[in-house]
Amino acid sequence: MNNALAVLKERLSALHLASGELSTREISKRSHGTVSHTTAHQVLRGSTLPSWRSLEPVVLALGGSANDFKPLWIKARSDEEASDNGGTVGGGVYRGSVDPKIAATVNLFNLYIKKKELQKAKNLLISEMEGEKHADINLVAELYSRLYYRDAKIKQRYGKVIQSFIEHGDIVEVNSASAAHYLARECLEQSNLLRALTFAQRAHSLNPHSAGYASVHGEALYALGQYAEAEQILIAAHQMDPKPTLFRFSQLAELLIFRQNYRKLEELMRESYENAGGSAGSEADDLAEILRMCGKPAEAVSVAKEALKKEIKYVVTKVSLRVAASRALCQQKLYEEARLMLREDADLYEDERDLKLEYANAYAQQGLHGESAKILEELIPDT
């Protein structure tokens, strides 16, 4: 998970907490059906970046501001584009069924994206599809998934093609792993679960060496209630890319919590933490949060406090450590100590809304709802 996505997820989590942790069904209701409860769940818990059209109604339903979250989403989307490995079509295809021209076109498109030559990228794919009675779905999916949020014309014209293929298209036409992955994500957001599994299996089979494609396969199985199979595939995905932050926000972590397999949850988190450098790394906030989820709040506080003694480069990491420690202290009913942890660095507290939201939450958990409301009122303009 890139740093911008981690920030987005942290702030969305804080907003959800401030809302009183609304259920996904209530979020769907407040969005007037714009998002399903399944999509709301994916937005809140999925380890990948949701589409803006799914994120925005969830943010609004939680009482947040689209203006606050749109810049975070765009930054995360840009970072995602820049980090895409391109290499071969779909991030690496291990079958001979891809048309060489399509592969070359998609690779060049990805190269233009990396170089931020967006107009050249758009023109390249559109020129390949102009005049075609049946535009190649691999090219359409690449173009749409990358640029629909930047270009209303692309959204208007090719969104219909994407939707038509989701409903009626032949899976054998999808020969790009990234195209299959995108289509699977779209189906998950639409709660079209059987179709999501079909596309996810295609992405995973085209590139079995990608953690992202394995993950979407596992997520589709999880959504369908096939928990044992989902856990097996998600663990394999995690082992391909065992970053602590990626694991903390992953579908695998949620599945293990759902199945109350806290032993495995802690085991995988500790392995990731050690592989990332252990106490010499910068992932102590992730370890602390997982320890808290595993019912070890005292250990979580110890990990966070030890990390805070060191020089920390990123503000988001400082905030995340204090939030994790505060939640763990609240779990032990040490509410005053939790609030002291949040305000210990006075300058940081004044600058960071997430710390103030957590401060309000510490009051609320103690039953001091009036004090909690005062903090929240200060954060909401014109209340």
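Contact here means heavy atoms within 4.5 Å. The structure is a predicted model.

**Exercise 1.** State which residues Ile 162 touches, not counting residues up to four places away in sequence, and place Ile 162 in its nonpolar core.

*Solution.*
1. Under the contact cut-off, the partners of Ile 162 are Ile 137, Val 140, Ala 141, Tyr 144, Tyr 182 and Leu 183.
2. The largest nonpolar core has 107 residues, and within it Leu 143 and Ile 162 touch the most other members.
3. Helix H10 (residues 177-189) contributes the most to this core, namely eight residues.
4. A separate second core holds ten residues, among them Val 319, Val 323, Leu 342 and Tyr 363.

**Exercise 2.** Determine how many residues of helix H15 (residues 251-258) are buried, and name elements that cover them.

*Solution.*
1. Buried means under 20% relative accessible area.
2. Six of the eight residues in H15 meet this condition: Gln 251, Leu 252, Ala 253, Glu 254, Leu 255 and Leu 256.
3. The cover over these residues includes helices H3 (37-45), H12 (211-223), H13 (227-240), H14 (244-248) and H16 (262-275).
4. Just after H15, Gln 260 has a positive phi of about 60°.

**Exercise 3.** Describe the second largest pocket by volume, lining residues and contributing elements.

*Solution.*
1. The volume of the second largest pocket is about 810 Å³.
2. Its lining comprises 33 residues, of which Ser 13, Glu 21, Arg 45, Arg 292 and Arg 327 are the closest to the centre.
3. By class, the lining has 14 nonpolar, nine polar and ten charged residues.
4. Elements giving two or more residues include H3, H15 and helix H17 (284-293).
5. H1 supplies the largest share, seven residues.

Methods:
Residues numbered from 1 in each chain as written. Predicted model: local features only at pLDDT ≥ 70, side-chain atom pairs only at ≥ 80, totals over all residues. Heavy atoms only, no water. Buried < 20%, exposed > 50% of the residue type's maximum accessible area, 1.4 Å probe, protein only. Helix = DSSP H or I, 4+ residues; strand = E, 2+ residues; numbered from the N terminus. 1 Å grid on protein atoms, 1.4 Å probe; cavity = no way out; pocket = protein on both sides within 12 Å on 5 of 7 lines; lining within 4 Å. Points joined across faces, edges and corners; volume = space filled by probe spheres on them. Nonpolar A, V, L, I, M, F, W, Y, C, P; charged D, E, K, R; others polar. Core = buried A, V, L, I, M, F, W, Y, C linked by side-chain atoms within 4.5 Å.
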